Amino acid sequence: MESPAKPIFKRQALAETNPIAGNKKRTWKSLKQILALERTLPWKETDVTYSSINAPPSFVPAKKYSDISGLIAPYTDPHSKLQFHNAEEFQTVRSLPMDLTAGYLALRGATSIV
């Protein structure tokens, strides 16, 4: 029993190497190279480029990090508004004086408690 001939989906002319391009591999440009090239070209103010595209705001909420350890902070102290990771950090947050608490809030860019 002979098996049926397998259909050939590619044309043989396409399988040969491209005589114009030769056997060169495609070189990819990095984003830095693309941006540098865009700056050298004459663009109108209305043209859209990589550097002029504005992304919409994200729907994903920003992650909160602990003011003490830098780990992901699921909790916030209601009195000092400092964020903390676990119960040990909560004890540390409660024992901090007000000037250190204000310093941590200033580092994070939060409004100071008054």
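This passage describes the fold, the annotated domain, the aromatic cluster and the salt bridges of a predicted model.

The protein chain contains four helices and two strands. Read from the N terminus, these elements follow the order α-α-β-β-α-α. The chain has 114 residues, of which 13% count as buried. Its accessible surface amounts to about 10,700 Å², and carbon and sulfur atoms account for 60% of that area. Of the contacts between residues at least 6 apart in sequence, 17% join residues at least 24 apart.

An unreviewed UniProt entry assigns residues 64-93 to the feature "domain: Vps72/YL1 C-terminal". This span is 23% helix and 13% strand, and the C-alpha atoms at its ends lie 16 Å apart.

Two aromatic pairs are found in the structure. In one of them, tyrosine 75 and phenylalanine 84 are stacked, with 5.6 Å between the ring centres and 25° between the planes. The planes of phenylalanine 84 and phenylalanine 90 stand at 45°, with the ring centres 5.0 Å apart, so this pair is classed as tilted. Tyr75, Phe84 and Phe90 thus belong to one aromatic cluster. The members of the cluster vary in their exposure to the surface. Phenylalanine 84 counts as buried because its relative accessible area is 8%, under the 20% limit. Tyrosine 75, at 44% relative accessibility, is partly exposed, and phenylalanine 90, at 28%, is likewise partly exposed.

The model also holds two salt bridges. One joins aspartate 67 to arginine 108, with 3.0 Å between the closest N and O atoms. This pair connects distant parts of the chain, 41 residues apart: aspartate 67 lies in the loop between helix H2 (31-40) and strand S1 (75-76), whereas arginine 108 lies in helix H4 (residues 98-108). Aspartate 67 is buried, with a relative accessible area of 13%, while arginine 108 is partly exposed at 33%.

In the other salt bridge, the side chains of aspartate 77 and arginine 94 meet at an N to O distance of 3.0 Å. Here too, distant parts of the chain are linked: aspartate 77 is located in the loop between S1 and strand S2 (83-84), and arginine 94, 17 residues apart from it, is located in helix H3 (residues 87-95). Aspartate 77 has a relative accessible area of 1% and is therefore buried. Arginine 94, with a relative accessibility of 42%, is partly exposed. In each salt bridge, then, a buried aspartate is paired with a partly exposed arginine.

Terms used. Residues are numbered from 1 along each chain as its sequence is written. This is a predicted model: local features need pLDDT of at least 70, side-chain atom pairs count only at pLDDT 80 or more; totals for chains, interfaces and linings use all residues. Side-chain values use heavy atoms; hydrogens and water are left out. UniProt positions are given in the numbering used here, feature names are shortened, and annotations may be inferred rather than shown by experiment. Rings of Phe, Tyr and Trp (its six-membered ring) pair if their centres lie within 6.5 Å; planes under 30 degrees apart count as stacked, over 60 as edge-to-face and the rest as tilted. Buried means under 20% relative accessible area, exposed over 50%, partly exposed in between (1.4 Å probe, protein chains only). Contact means heavy atoms within 4.5 Å. Accessible areas come from the Shrake-Rupley method with a 1.4 Å probe; for residues, only the protein chains shown count as cover. A salt bridge is a side-chain nitrogen of Lys or Arg within 4 Å of a carboxyl oxygen of Asp or Glu.
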